[in-house]
Amino acid sequence: MSDNVGLSTPRGSGTSGYVQRNLAHMRPRDRAAPYPPPSSRDLDSLRHRQRQPDREILEHDRKREVEVKVFELRDQLEDEEVDEDEIDTRCDALRKELLAKMNSGAGSTTSKKGLKPHQVHEMADAKIRESERLRSALRISRDYEEGGHWKRQEERLKKALEREAVASSAGAGANREEEEREEEEEEEGRRGRGRRDDYDL
């Protein structure tokens, strides 16, 4: 044993005690901290960003599925010993039919469950459609901002404090009640308009 490496004695270990370097060990690529430093953190970096699928890859995969079906038809017709011109016309007709279906959007109803792990763009597209369906089911507006409720609540609190300061300095209690009523009606009107504008029932 040298430099505290290896066994203190090879007796009973079933080895010769010879120590060699592990050639299969992979060193980590980057030795940086797993999280960005606090100075570079901001709200946008912490916000969840949904992965956007590459539309060209999705289009290529759809066209590839069409060509696979056309090739299967061609193979089947060749096994049945159909004339080559007839094979070409049937394959072209099937290709046109499948491309028309693909362009109309009828074939884009794949669920996330039926996808394989390597189909990352298809999974991202399915996740976006699922999120959109959930958003519309829960009637969440498109311009919803996370934490917006707390901001509105803080604004209302600031306005209330300002009103109290103005009311205490001016001593006009009746005016304050009227202002509060007007603001409550205005807030109710905004909430009602927002619900009607955001959602089509």
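Which residues make up the largest nonpolar core? In this predicted model, that core comes down to six residues: Val66, Val70, Leu77, Ile87, Cys91 and Leu98. Two elements, helix 2 (55-79) and helix 3 (84-104), each give two or more residues to this core. As a general backdrop, nonpolar side chains in soluble globular proteins tend to be buried together.

Cys91 is a handy place to start looking around. Leaving aside residues up to four places away in sequence, Cys91 touches Val70, Leu73 and Arg74. Of these, Val70 is itself listed in the core, alongside Cys91.

There is also an annotation to set beside this picture. An unreviewed UniProt entry lists residues 63-97 as a "coiled-coil region". In the model, that span is 89% helix and 0% strand. As for its two ends, the C-alpha atoms there lie 12 Å apart.

Zooming out to the whole protein chain, helices are what turns up: there are six of them, and zero strands. Read from the N terminus on, the elements simply go α-α-α-α-α-α. The chain has 201 residues, and buried ones make up 11% of them. On the outside, the chain exposes about 17900 Å², with carbon and sulfur atoms supplying 49% of that area.

Contacts along the chain round things off. Taking those with a separation of 6 or more, 46% are accounted for by residues 24 or more positions apart.

Definitions and conventions. Residues are numbered from 1 along each chain as its sequence is written. This is a predicted model: local features need pLDDT of at least 70, side-chain atom pairs count only at pLDDT 80 or more; totals for chains, interfaces and linings use all residues. Side-chain values use heavy atoms; hydrogens and water are left out. A nonpolar core is a set of buried Ala, Val, Leu, Ile, Met, Phe, Trp, Tyr and Cys residues joined through side-chain atoms within 4.5 Å. Buried means under 20% relative accessible area, exposed over 50%, partly exposed in between (1.4 Å probe, protein chains only). Helices (H or I, at least four residues) and strands (E, at least two) are DSSP runs, numbered from the N terminus. Contact means heavy atoms within 4.5 Å. UniProt positions are given in the numbering used here, feature names are shortened, and annotations may be inferred rather than shown by experiment. Accessible areas come from the Shrake-Rupley method with a 1.4 Å probe; for residues, only the protein chains shown count as cover.
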